[in-house]
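I opened this notebook to keep track of what I looked up in one structure, entry by entry. I wanted each entry to say plainly what I checked and what I found.

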Amino acid sequence: MSEELAQGPKESPPAPRAGSREVWKKGGRLLSVLLAVNVLLLACTLISGGAFNKVAVYDTDVFALLTTMMLLASLWILFYLLRTVRCPNAVPYRDAHAGPIWLRGGLVLFGICTLVMDVFKTGYYSSFFECQSAIKILHPLTQAVFVIVQTYFLWVSAKDCIHVHLDLTRCGLMFTLTTNLAIWMAAVVDESVHQTHSYDSSHSNTSHHRFAPDPERAGSSVGGDCPCHTAICQIFQQGYLYLYPFNIEYSLFASTMLYVMWKNVGRLLASSAHGHGHTPSRVSLFRETFFAGPILGLMLFVVGLAVFIIYEVQVSGEGGRTQQALVIYYSFNIICLGLMTLVSLSGSVIYRFDRRAMDHHKNPTRTLDVALLMGAALGQYAISYYSIVAVVVGAPRDLLGGLNLAHALLMIAQHTFQNVFIIESLHRGPPGVEPRDTTPKEPCRGLTFANLDALHTLPACPSTPRLVGPSPEGPQEAVAIILAPRGHWRRRCLKDISLFLLLCNVILWIMPAFGARPHFSNTVEVDFYGYSLWAAIVNICLPFGIFYRMHAVSSLLEVYVLS
């Protein structure tokens, strides 16, 4: 005993160094990113190369690659569900911010529409099976299986912070994410080919045809030499073309959720953060609002649907009707974008009077939301600036040129101020939590009590502020936080603003997603840049603008819940 005391306490075994763990984490992430980049570049090469003439890459090659990728991703997902999560302590933490219910609900909705699209696509290619490759029928069937497996996987595992098979899990998640991006690229190229083919069919200027993508490539809607003259074949063809926007959004929703899961692999969360979130237990639409935002948003939504129908009917008519359709389309968008800009500015002004604390905790979901909002807005910025240059330098002195210029300027302003409002909203703390002031203040009677247990014996009083637990400064002190009333006018205004912007973003998503292309119907940019350059700009940038609208909808729904 004396010898042990003389030698002092025994040293505990050295704990694993955080630095070495961080090095291995970065190494695993680097390996998975390199895998994803190489696979994505291969897919991008085949998809983009197969969309143009004089390239010996056809839609069957693209279908074969996508089918193989989806099969491999499905096998890995099944391995994750059947083997990984059944390991002891495989998922010690769950990120409460990842995979909110509205995001998973949107994924399920778009997944169902994608399954319907796969049914139409299978029926379309089965209509002339004798002259088509079998891979064209196998591809939609494989995609249906992949969508079902992946949707279930993301529904049950989106919040996982996995702690086993780290490198394998990172590579699997990145490969699945790359598969979704490849499906997205193929759908975007197919939609662009279809739009270009429709434009060429409605214009007699043959000089445009030599720049157009080949409608028989990259999974095109045209069946090559195979006829599609029956009514059922044409129904299948038009059906799956109109469902493409939902397939595109499904792929992007799944990609964002997979990225958050990839960031959460091996992540350590504090015990207090386990299950921590700001989402209230009950969420009721239109609750605690002034109803002005929802009503005005619904009115613009209905008017926007009518404008979209009028535009689609008249834009393919004679020149005078096309001019009228463009004037109606631009006028509605200018009014909608102007109101959205003013409302976003109003929300930012309200936050200047809001004393809620800023949330600076590490949150991969919020970081990704901000990055996607800023990155996706660049697509619409690019189109708008190209339009501004074409209108100003080309100097068209007519009504349509003025409306086009105003539309482009308001599009830039609306994206900017809406991003500012959403990003600031996502970084706010829970409603009513004010930043703690550490400066000494005069005691306020009725707000700070020495004995918190005595509060339970007091009669209930609606005007008594709710208190939080003892402060870290001392066990006998309590920090009182005055929570904002549930019906506070600032909260009501923020909810109205978020719902109004949400509905406006939905209608501004529907218009371009389902075929509204004023960029080609209005010949200002086509004449200024030439069809080939302008088509490339629109086909590359517009999908990002469409995704921005849907991602803004999900972010605004979160803003509404947290307000």
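The entries below go through aromatic rings, charges over rings, helices and a few single residues.

**Entry on the model.** I noted before anything else that this is a predicted model, and I kept that in mind while reading every value.

**Entry on aromatic pairs.** I looked up how many aromatic pairs there are, and the count comes to 23. One of them is formed by Trp 76 and Phe 153, whose rings meet edge-to-face, with 5.9 Å from centre to centre and 85° between the planes. I then checked where the two residues lie: Trp 76 belongs to helix H3 (residues 59-84) and Phe 153 to helix H5 (residues 135-157), so that the pair links distant parts of the chain, 77 residues apart. Both Trp 76 and Phe 153 turned out to be buried.

I turned next to Tyr 351 and Phe 421, whose ring centres are 5.9 Å apart. Why does this pair count as tilted? Planes under 30 degrees apart would be stacked and planes over 60 would be edge-to-face; the planes here are at 35°, so the pair is tilted. This pair also links distant parts of the chain, with Tyr 351 in helix H10 (residues 319-352) and Phe 421 in helix H12 (residues 399-426), 70 residues apart. I found Tyr 351 and Phe 421 both buried.

I also wrote down one aromatic cluster, which is made up of Phe 63, Tyr 124, Tyr 125, Tyr 240 and Tyr 244.

**Entry on charges over rings.** I searched for charged side chains placed over rings and noted two cases. The charged end of Arg 104 sits over the ring of Trp 155, at 4.7 Å from its centre, while Lys 495 lies over the face of Tyr 560, 4.4 Å from the ring centre.

**Entry on two helices.** I compared the span of helix H11 (residues 364-394) with its expected value: its 31 residues should span 45 Å at 1.5 Å a residue, and the end C-alpha atoms are 45 Å apart, which agrees. I nevertheless found a kink of about 25° in H11, centred on Gly 379. Helix H7 (residues 231-242) has 12 residues and reaches 17 Å from its first C-alpha to its last, close to the 16 Å expected. Among the buried residues of H7 I listed Cys 233, Gln 237 and Tyr 240.

**Entry on Thr 67.** I located Thr 67 in helix H3, and its 3% relative accessibility is why it counts as buried. A polar atom of its side chain lies 2.7 Å from the backbone oxygen of Phe 63. Leaving out residues up to four places away in sequence, Thr 67 touches Ile 135, Leu 138, His 139 and Thr 142.

**Entry on His 165.** I found His 165 in the loop between strand S2 (160-161) and helix H6 (166-201). Its phi is near 50°, a positive value in a residue other than glycine. I noted for comparison that most residues other than glycine have a negative phi. With 33% relative accessibility, His 165 counts as partly exposed.

**Entry on Asn 505.** I placed Asn 505 in helix H13 (residues 489-513), where it counts as buried because its relative accessibility is 0%. Its side chain makes a polar contact of 2.9 Å with the side chain of Arg 549. Setting aside neighbours within four places in sequence, I recorded contacts of Asn 505 with several residues, including Met 340, Gln 418 and Leu 556.

Methods
Residues numbered from 1 in each chain as written. Predicted model: local features only at pLDDT ≥ 70, side-chain atom pairs only at ≥ 80, totals over all residues. Heavy atoms only, no water. Phe/Tyr/Trp six-rings, centres within 6.5 Å; stacked < 30°, edge-to-face > 60°. Helix = DSSP H or I, 4+ residues; strand = E, 2+ residues; numbered from the N terminus. Buried < 20%, exposed > 50% of the residue type's maximum accessible area, 1.4 Å probe, protein only. Lys NZ or Arg CZ within 6 Å of the ring centre and 35° of its normal. Expected span 1.5 Å × (residues − 1). Bend = angle between axes of the 7 residues up to and from the residue. Polar contact = N/O pair within 3.5 Å; in protein donor to acceptor, adjacent residues only side chain to side chain. Contact = heavy atoms within 4.5 Å.
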